[in-house]
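Dear colleague,

I am handing over the structure we spoke about, together with some notes on what was found in it. Please have it open beside this message as you read.

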Amino acid sequence: MYAAVVHAFGESPRYELLPDPAPGDGEVVVDVLAAGLHPLVRAVAAGTHYTSGDRLPLVPGYDGVGRLESGEAVYFSGLVPPHGSMAERAAAPRSSLIPLPDGLDPVTTAALVNPMISAWMALYERAELQAGGAVLILGATGNAGRAAAQLALLRGAQKVVAAGRNAEALRELSGMGVHQTVSLDASDEEVAVSLGEVAGDVDAVIDYLWGHPAEVALAAVAGARPDPAQPLRWVAVGSMAGPSIALPSDVLRRINLDICGSGAGSAVPDRVDASLRSLISLLPAAEVRTEAIAVPLAEVHQAWNRNLATGQRLVFCPDLIASGTPV
Ligand SMILES: NC(=O)c1ccc[n+]([C@@H]2O[C@H](COP(=O)([O-])OP(=O)(O)OC[C@H]3O[C@@H](n4cnc5c(N)ncnc54)[C@H](OP(=O)(O)O)[C@@H]3O)[C@@H](O)[C@H]2O)c1
């Protein structure tokens, strides 16, 4: 079969012939229709993700949409390096297969599920956001951040604060019904004042950035709590702005702060499965906020580092002949 193959961490994959995957226990071979190039997939291929491992060459790709021998189209996920979904065929865990509901196309599904499930798990399972709650989304302008804003509004949050640096995306978030936006494209002092004014009383922070913006936001929110005993759950979901932060000890004592993460290793597998099924059943009726761009898998090497606008996501399709053609 043809596959995208990474020979050295950080290099663009090449479109090459590989032997078909040999399914292990509990795995089933799917004909891949579409596989999304998510930040996780890039990080694994760059060797910088905690799941990267050290096995090369590797086929990138964590999830996708495929067709079973029966002809049924399914969403699949949970592929572990070096065996990924950016290939004509992939061996997927049987337990991960979810039939695609009517009205959902493979490319959109492959683009949407990863950012949306990150938001779902972080908000509903880790932050346990309730109707009437208040949440700050740090890094709200990306695909996952916008999904988090959408899901927080859907849950009935009384306050959703979206913080990010892309002005146009922040305007779009306001149009979606987000209650407050904070520009991160400003000095630390200005960001801290704005966050203190509008996010001091939130119940949860869904953090896609980490790094310096998280340090500024943590100090600002901690310094503006109307009641220090009010629980604040800070959920680290991504690290777009940096892999680590400096965490002053006093912040942990001054307020009722609980820092946790949401990701592959921190969620209970049964809950991930149930959440994925619920999410996918809702997708046909969902307002889609991600622009999926279908690209032939044969063009993976040239397309891998393509500059994308906020909200776009590349999806590689083995059966696609030319870019832009629907599968
Ligand atoms: N743990 C999980 O389950 C899980 C699942 C999915 C995603 N994630 C993680 O969540 C993060 C976001 O994923 P995504 O799918 O939303 O990615 P995405 O669509 O590529 O969006 C990334 C966003 O990050 C913003 N950004 C990058 N660097 C920034 C900085 N220094 N300050 C402020 N904003 C910055 C970009 O803003 P601009 O528009 O201004 O460039 C963009 O809006 C990634 O780290 C990803 O790995 C985690």
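**Domains and the ligand site**

Domain 1 (2-100 + 290-317) and domain 2 (115-261) each contribute at least three residues to the shell around the ligand. Please keep in mind throughout that this is a predicted model.

The protein chain is divided into these two domains, domain 1 and domain 2, and the contact between them takes six residues from domain 1 and six residues from domain 2. Their C-alpha centres lie 30 Å apart.

As for the ligand, 20 residues surround it, and the closest are N143, A144, R165, S262 and T310. By character, the residues of this shell divide into seven nonpolar, eleven polar and two charged, and by secondary structure, helices α2 and α3 (143-155) each supply at least two of them.

Three polar contacts of the ligand may interest you at the bench. A polar side-chain atom of T141 lies 2.9 Å from an oxygen atom of the ligand, whereas S239 uses a polar backbone atom, which is 3.3 Å from an oxygen atom of the ligand. In S262, a polar backbone atom is 2.7 Å from a nitrogen atom of the ligand. Taken alone the ligand exposes 920 Å², of which the protein buries 79%.

**Individual residues**

S262 itself is placed in the loop between β13 (257-261) and α8 (269-282), and it counts as buried because its relative accessible area is 11%, under the 20% cut-off. Leaving aside neighbours within four places in sequence, S262 is in contact with M121, A122, R126, V235, A236 and V237.

T109 belongs to helix α2, which spans residues 106-126, and with a relative accessible area of 0% T109 is buried. A polar atom of the T109 side chain lies 2.7 Å from the backbone oxygen of D105, and, not counting residues up to four places away in sequence, T109 touches V65, Y75, L100 and L104.

Q312 is found in strand β15 (residues 312-317), and its relative accessibility of 19% is under the 20% limit, so Q312 still counts as buried. The side chains of Q312 and E291 are joined by a polar contact of 3.2 Å; with residues up to four places away in sequence not counted, Q312 touches N143, E291 and I293, and N143 is itself listed among the closest residues to the ligand.

**Backbone points to check**

Which peptide bonds are cis, with omega near 10 degrees or about -5 degrees? One joins L56 and P57, where omega is about -5 degrees, and P57 lies in the loop between α1 (39-46) and β4 (64-67). Another runs from P81 to P82, with omega near 10 degrees, and P82 is found in the loop between β5 (73-76) and β6 (89-93).

Two residues that are not glycines have a positive phi, namely E128 at about 50 degrees and W210 at about 55 degrees. E128 lies in the loop between α2 and β8 (134-138) and is partly exposed, with a relative accessible area of 45%, while W210 sits in the loop between β11 (204-207) and α6 (211-223) and counts as buried at 15% relative accessibility.

With best wishes

Terms used
Residues are numbered from 1 along each chain as its sequence is written. This is a predicted model: local features need pLDDT of at least 70, side-chain atom pairs count only at pLDDT 80 or more; totals for chains, interfaces and linings use all residues. Side-chain values use heavy atoms; hydrogens and water are left out. Helices (H or I, at least four residues) and strands (E, at least two) are DSSP runs, numbered from the N terminus. Buried means under 20% relative accessible area, exposed over 50%, partly exposed in between (1.4 Å probe, protein chains only). A polar contact is a pair of N or O atoms within 3.5 Å; within protein, one must be able to donate a hydrogen and the other to accept it, and residues adjacent in sequence count only if both atoms are side-chain atoms. Contact means heavy atoms within 4.5 Å. A residue is near a molecule or strand if one of its heavy atoms lies within 4 Å of it. Accessible areas come from the Shrake-Rupley method with a 1.4 Å probe; for residues, only the protein chains shown count as cover. Ala, Val, Leu, Ile, Met, Phe, Trp, Tyr, Cys and Pro count as nonpolar, Asp, Glu, Lys and Arg as charged, and the others, Gly among them, as polar. Domain bounds come from an automatic or database domain assignment.
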